[in-house]
Amino acid sequence: AGSGKTRVVTGKIAYLIEEKNVSPYRILAITFTNKAAKEMKDRVASQLGRNIDGMWISTFHAMCVRILRSDIHYLGYDKNFAIYDGADQKTLMKECMKELNLRKDMYNPYGLLSRISAWKNEGTDPDSAMKDNFGDFHGRQTAEAYRLYEKKKRENNALDFDDLLVKTV
């Protein structure tokens, strides 16, 4: 914090647009937080003295949502997909646990969701998770919960935060 990263990046964006005649719509600026993205947008708009709403200045997740809203139909989803937050995920996982008769004393929604998130970020789909963990009872049950969780999300035309990144890739 305070090292001048945002100042340097916004200065570079303004320079590219004003001095090098780069179209503002050919520039992508990514940051990690909504607060930082807003600050970057505000500074660029101030430096250019104009509205920059169409520019690609955002967080990773916001950029992915923008891409997916345009192109997710290629993956078999409707562009008006829902984005599940942590509470939505927990509710859905509880449904999956009930449907699979998973004992609450052996499994909890957060633990299952954490393992599913790790699998997604490793590039492991539900079928691969099942194959890789078939010989381990707990692992197999977790993979089955992953499979059902993904099925139910698709039926609901919904994505979770991991999906935003993974499906964009």
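## Helix 7 and its surroundings

At a relative accessibility of 5%, T142 counts as buried, the cut-off for that class being under 20% relative accessible area. This residue of the predicted model lies in helix 7. Leaving out residues up to four places away in sequence, T142 touches Y107, L112, R115 and W119.

W119 is itself buried, with 3% relative accessibility. The loop that follows helix 7 and leads to strand 4 (158–160) contains N157. N157 is not a glycine, yet its phi is positive, at about 50 degrees. With a relative accessible area of 18%, N157 is buried, since the class takes in values under 20%.

## Overall architecture

The chain contains eight helices and four strands. Read from the N terminus, its elements follow the order α-β-α-β-α-β-α-α-α-α-β-α. The C-alpha atoms occupy a box of roughly 60 × 35 × 25 Å along the principal axes. The radius of gyration of the chain is 21 Å, whereas a compact globule of 169 residues would have a value near 15 Å.

Among contacts between residues at least 6 apart in sequence, 64% join residues at least 24 apart. Of the 169 residues, 37% count as buried.

## Surface and charge

The chain exposes about 10500 Å², and carbon and sulfur atoms supply 51% of this area. There are 28 positive and 23 negative charges in the chain, and the mean positions of the two sets are 4 Å apart.

## Aromatic pairs

Two aromatic pairs are present in the structure. In one of them, the rings of F32 and F60 have centres 5.4 Å apart and planes at 50 degrees, so the pair is classed as tilted. The pair links distant parts of the chain, 28 residues apart: F32 belongs to the loop between strand 1 (28–31) and helix 2 (34–48), and F60 to helix 3 (residues 60–71). F32 is exposed, at 73% relative accessibility, because the class begins over 50%. F60 is partly exposed, with a relative accessible area of 37%.

W119 and Y146 form a stacked aromatic pair, with 5.6 Å from centre to centre and 15 degrees between the planes. This pair also links distant parts of the chain, with W119 in helix 5 (residues 109–122) and Y146 in helix 7 (residues 137–155), 27 residues apart. Y146 is buried, with a relative accessible area of 3%, and W119 is likewise buried, at 3% relative accessibility. W119 is thus a partner in the stacked ring pair and is also among the residues touched by T142.

## Helix 4 and the loop after it

Q89 is found in helix 4 and counts as buried, at 14% relative accessibility. Apart from residues up to four places away in sequence, Q89 touches Y84, L113, Y149 and D160. For one of these contacts, that with L113, the partners are 24 residues apart along the chain, and their C-alpha atoms are separated by 7.7 Å.

N101 is placed in the loop between helix 4 (86–99) and helix 5. Its phi is near 55 degrees, a positive value in a residue other than glycine. N101 is exposed, with a relative accessible area of 65%. A positive phi is likewise found at N157, but N157 is buried.

## Helix 2

Q47 is located in helix 2. At 36% relative accessibility, Q47 counts as partly exposed, because this value falls between the limits of 20% for buried and 50% for exposed. Leaving aside neighbours within four places in sequence, Q47 is in contact with T10, G11, A14 and E18.

The C-alpha atoms of Q47 and G86 are separated by 37 Å, the two residues being 39 apart along the chain.

Note on methods
Residues numbered from 1 in each chain as written. Predicted model: local features only at pLDDT ≥ 70, side-chain atom pairs only at ≥ 80, totals over all residues. Heavy atoms only, no water. Helix = DSSP H or I, 4+ residues; strand = E, 2+ residues; numbered from the N terminus. Rg over C-alpha atoms; globule rule 2.2 N^0.38 Å. Buried < 20%, exposed > 50% of the residue type's maximum accessible area, 1.4 Å probe, protein only. Contact = heavy atoms within 4.5 Å. Areas by Shrake-Rupley, 256 points an atom, 1.4 Å probe, with all protein chains shown as cover. Lys, Arg positive; Asp, Glu negative; His and termini not counted. Charge placed at Lys NZ, Arg CZ, Asp CG, Glu CD. Phe/Tyr/Trp six-rings, centres within 6.5 Å; stacked < 30°, edge-to-face > 60°.
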